Amino acid sequence: MKDPMAKMSADSGTIDADSETKSIAAALIKLSTMLQIAFGEAGSTIITENLNSGSEVNALIPGKRLQGVFGFCDIRSFTDCTEC
């Protein structure tokens, strides 16, 4: 199975149908992209293993620890600066 985190795209030449079918294909690609963002790097491994197994979905695949960074910035009176 291909990498579930690979960029999804559908060129207008690959879909040979009416505009409604093209709209549905575009919506599915947008949904796939949002799912890729939501599951992230940690979820991609679980999805790949489930897709490659070819059997039922196993939601109890052990996870892996990842390191991450979370940043936050609070600019006081930012609206006062932008509304001048």
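**Exercise 1. State what share of the contacts between residues at least 6 apart in sequence joins residues at least 24 apart, and describe the chain's overall make-up.**

Solution. Among contacts in the chain between residues at least 6 apart in sequence, 50% join residues at least 24 apart. The model is a predicted one. Its secondary structure consists of 2 helices and 0 strands. Of the 84 residues in the chain, 12% are buried. The chain exposes about 7600 Å², and 58% of this area is supplied by carbon and sulfur atoms.

**Exercise 2. Determine how the span of H1 departs from that of a straight helix, and locate the kink in H1.**

Solution. Begin with the expected value: a straight helix of 35 residues would span 51 Å at 1.5 Å a residue. Next, take the value in the model, where the end C-alpha atoms of H1 are only 35 Å apart. Then examine the course of the helix, which comprises residues 19-53: H1 has a kink of about 105 degrees, centred on Gly-40. Gly-40 is also one of the buried residues of H1, a group that includes Ala-25, Ile-29 and Gln-36 as well as Gly-43, Ser-44 and Asn-50. Finally, consider what follows the helix: just after H1, Gly-54 takes a positive phi of about 75 degrees.

**Exercise 3. Identify the residues of the nonpolar surface patch and classify Ile-24 as buried, partly exposed or exposed.**

Solution. The patch is formed by Ile-24, Leu-28, Leu-31, Met-34, Leu-35 and Phe-39, which together have about 590 Å² of accessible area. Ile-24 is located in H1. Its relative accessibility is 47%. The partly exposed class lies between under 20% for buried and over 50% for exposed; Ile-24 therefore counts as partly exposed.

**Exercise 4. Characterise Gly-63 and Ser-77 in the loop between the two helices.**

Solution. Gly-63 is placed in the loop between H1 and helix H2, the latter comprising residues 78-82. Because its relative accessibility is 64%, Gly-63 counts as exposed. Its C-alpha atom is separated by 7.7 Å from that of Ile-46, although the two residues are 17 residues apart along the chain.

Ser-77 belongs to the loop between H1 and H2 as well. With a relative accessibility of 46%, Ser-77 counts as partly exposed. For the backbone, note that phi of Ser-77 is near 55 degrees, a positive value in a residue other than glycine. Most residues other than glycine have a negative phi.

Note on methods: Residues numbered from 1 in each chain as written. Predicted model: local features only at pLDDT ≥ 70, side-chain atom pairs only at ≥ 80, totals over all residues. Heavy atoms only, no water. Patch = residues over 30% accessible without salt bridge, like charges linked within 9 Å, V, L, I, M, F, W, Y side chains within 5 Å. Areas by Shrake-Rupley, 256 points an atom, 1.4 Å probe, with all protein chains shown as cover. Salt bridge = Lys/Arg side-chain N within 4 Å of Asp/Glu carboxyl O. Helix = DSSP H or I, 4+ residues; strand = E, 2+ residues; numbered from the N terminus. Buried < 20%, exposed > 50% of the residue type's maximum accessible area, 1.4 Å probe, protein only. Contact = heavy atoms within 4.5 Å. Expected span 1.5 Å × (residues − 1). Bend = angle between axes of the 7 residues up to and from the residue.
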